[in-house]
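Here are my notes, as promised, after a first pass through the contacts. Have the model open while you read.

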There are 2 protein chains.
Amino acid sequence: MARPRTPLLDRRRIGAGALRIADEQGALSIPALARELGVAPSALYHHVSGREEIISLMREELALETGPDDWDPSRPWEQALEAWARSYRGAFATHPGAVPLLATAPLAEPFMHAMYERVAELLLTAGFGAGQVMPLINALENFVLGSALDLVAPPVMVSDVTREAAPHLSAALDDTPTDNRRAELAFDTGLRALLTGFRALLPR
Amino acid sequence: MARPRTPLLDRRRIGAGALRIADEQGALSIPALARELGVAPSALYHHVSGREEIISLMREELALETGPDDWDPSRPWEQALEAWARSYRGAFATHPGAVPLLATAPLAEPFMHAMYERVAELLLTAGFGAGQVMPLINALENFVLGSALDLVAPPVMVSDVTREAAPHLSAALDDTPTDNRRAELAFDTGLRALLTGFRALLPR
DNA sequence: ACCTGAACACCGTTCAAGT
DNA sequence: ACCTGAACACCGTTCAAGT
């Protein structure tokens, strides 16, 4: 049984398997992942250093699934930036159960550099100053990550107590969808606002 | 030893203790919390239903520490909204080690309703439509939560590899602070942009 | 009502042994 | 090099027993 002639595991399989487990169970455990991959838990440690690295592999797998060509940087910068943000959040939306694992420690990983490079070029070409680029990217990314977490947030409940103590909140909630369009609407609103605000930050 | 005449524990003490543990250790375990409170782990279960509820108590404690009067809704709506966002994020910044625990499942909890009510009133008075209020609040909140996580994000490293493969990114990183001002700058930039964009969404 | 101490199922990780 | 199985320290939670 030990040492199969063709390896049962590789990092790619581990990342993809972990993503499936998190998707299905909303959490990740090493025994569950090992079971999914048909292997003993200890086998994993021949390929990764530990749990943290597995989560990093999940992010990498997500990036590979999404692909770098989900958005087109040759369009006007506002459209391209919007497409980037939507594709970024869309990748999370495909794996809601994994979001808390993935969004918590963002994306300093090397395989993200290619993506950042394209966005940085986009913004520099658009006329933003070099010192503006990372703050803009970080700000948009913070919004995307927060919005990804919002996808799995518990709904705000309007009890009768709330209605009396919080009339304005209740009025607002009455005009807010309670299904998954709520998070969509919030994302659309914030994204539009950010892009408008970015435009106003463009020099001259 | 059992059944002291005056209780050793209450929910307030548990929330505050959990916040201290998470601050110090960057994580929360029940044994560590029990030790901090001078009590056996099982004692906690007489006051809370489990780990999840302890984390909820941490959020409540954070809200109590911050206080509802950190911002003044009587000012112009843009200033008041900015102050709210800053005070909200500031509360997280005071407990960086606890941020991943606190920011992951936001704030549907009842003790947050009072805060939402004030922001909702603010926006309605400013002239936003009832249907706009929650999307605006959610969008700003998503940005605040993402920015809170950004406080504890690992820094982006510029290796020599990166420099050759990603010239635009490197140029941008050269003009970006590497210390804690990086996250500040991103937050300021995004917040300013959001407020500008919100203004543009105001009817008529 | 509120705490202790023992117990349980489970987790992440290590390591010697096998091919 | 790559897997298994046993082992370890640790975790969250339950529960009977004590006041």
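1. Before anything else: this is a predicted model. Every distance and area below is computed from it, so to speak with that label attached.

2. I began with DNA strand C. A backbone N or O atom of Ala40(B) sits 2.7 Å from one of the strand's phosphate oxygens. Leu9(B) also uses a polar backbone atom, here 3.1 Å from a phosphate oxygen of DNA strand C. Chain A takes part too: a polar backbone atom of Arg51(A) is 3.0 Å from a phosphate oxygen of DNA strand C. Note that for Arg51(A) the atom in question belongs to the backbone.

3. Zooming out on that strand, 22 residues surround DNA strand C, and the closest are Arg3(B), Leu8(B), Ser42(B), His46(B) and His47(B). Of the strand's atoms that come within 4 Å of the protein, sugar and phosphate make up 48%. By class, the surrounding residues split into 13 nonpolar, six polar and three charged.

4. Now the other strand. Which residues are the closest to DNA strand D? They are Leu8(A), Ser42(A), His46(A), His47(A) and Ile30(B), out of 22 that surround the strand. Sugar and phosphate again come to 48% of the DNA strand D atoms within 4 Å of the protein. The class split for the surface near DNA strand D reads 13 nonpolar, six polar and three charged.

5. For individual contacts on DNA strand D, look at His46(A): a polar side-chain atom of this residue lies 2.8 Å from a base nitrogen. The phosphates get backbone partners. Leu9(A) has a polar backbone atom 3.1 Å from a phosphate oxygen of DNA strand D, and Arg51(B) has one at 2.9 Å from a phosphate oxygen of that strand.

6. On to the protein–protein interface. Here 54 residues of chain B are in contact with 54 residues of chain A. Glu117(B), Asn142(B) and His168(B) supply 13% of the area that chain B buries against chain A, more than any other three residues. Together the two chains bury about 4,400 Å², with 75% of it on carbon and sulfur atoms.

7. What about polar links across that interface? Between chain B and chain A there are eight residue pairs in polar contact, counting pairs with both residues at pLDDT 80 or more. How many salt bridges cross the interface of chain B and chain A? The rule finds zero.

8. Over all chains, though, the whole structure has 22 salt bridges. One of them pairs Glu36(A) with Arg20(A), whose closest N and O atoms are 2.6 Å apart. Another joins Arg13(A) to Asp10(A) at 2.9 Å between the closest N and O atoms. Are the partners of that second bridge buried or exposed? Neither label fits: Arg13(A) has a relative accessible area of 42%, so it is partly exposed, and Asp10(A), at 27%, is partly exposed as well.

9. Last, the interior. The largest nonpolar core has 128 residues, and Met58(A), Leu81(A), Met58(B) and Leu81(B) touch the most other members. For a closer look, take Met58(B). Leaving out residues up to four places away in sequence, Met58(B) touches Gly15(B), Ala18(B), Leu19(B), Ala22(B), Leu28(B), Ala98(B), Leu101(B) and Leu102(B).

Methods
Residues are numbered from 1 along each chain as its sequence is written. Chains are lettered from A and ligands numbered from 1 in the order in which they are written. This is a predicted model: local features need pLDDT of at least 70, side-chain atom pairs count only at pLDDT 80 or more; totals for chains, interfaces and linings use all residues. Side-chain values use heavy atoms; hydrogens and water are left out. A nonpolar core is a set of buried Ala, Val, Leu, Ile, Met, Phe, Trp, Tyr and Cys residues joined through side-chain atoms within 4.5 Å. Buried means under 20% relative accessible area, exposed over 50%, partly exposed in between (1.4 Å probe, protein chains only). Contact means heavy atoms within 4.5 Å. A residue is near a molecule or strand if one of its heavy atoms lies within 4 Å of it. A polar contact is a pair of N or O atoms within 3.5 Å; within protein, one must be able to donate a hydrogen and the other to accept it, and residues adjacent in sequence count only if both atoms are side-chain atoms. Ala, Val, Leu, Ile, Met, Phe, Trp, Tyr, Cys and Pro count as nonpolar, Asp, Glu, Lys and Arg as charged, and the others, Gly among them, as polar. Buried area is the accessible area (1.4 Å probe) that two parts lose on being put together, summed over both. A salt bridge is a side-chain nitrogen of Lys or Arg within 4 Å of a carboxyl oxygen of Asp or Glu.
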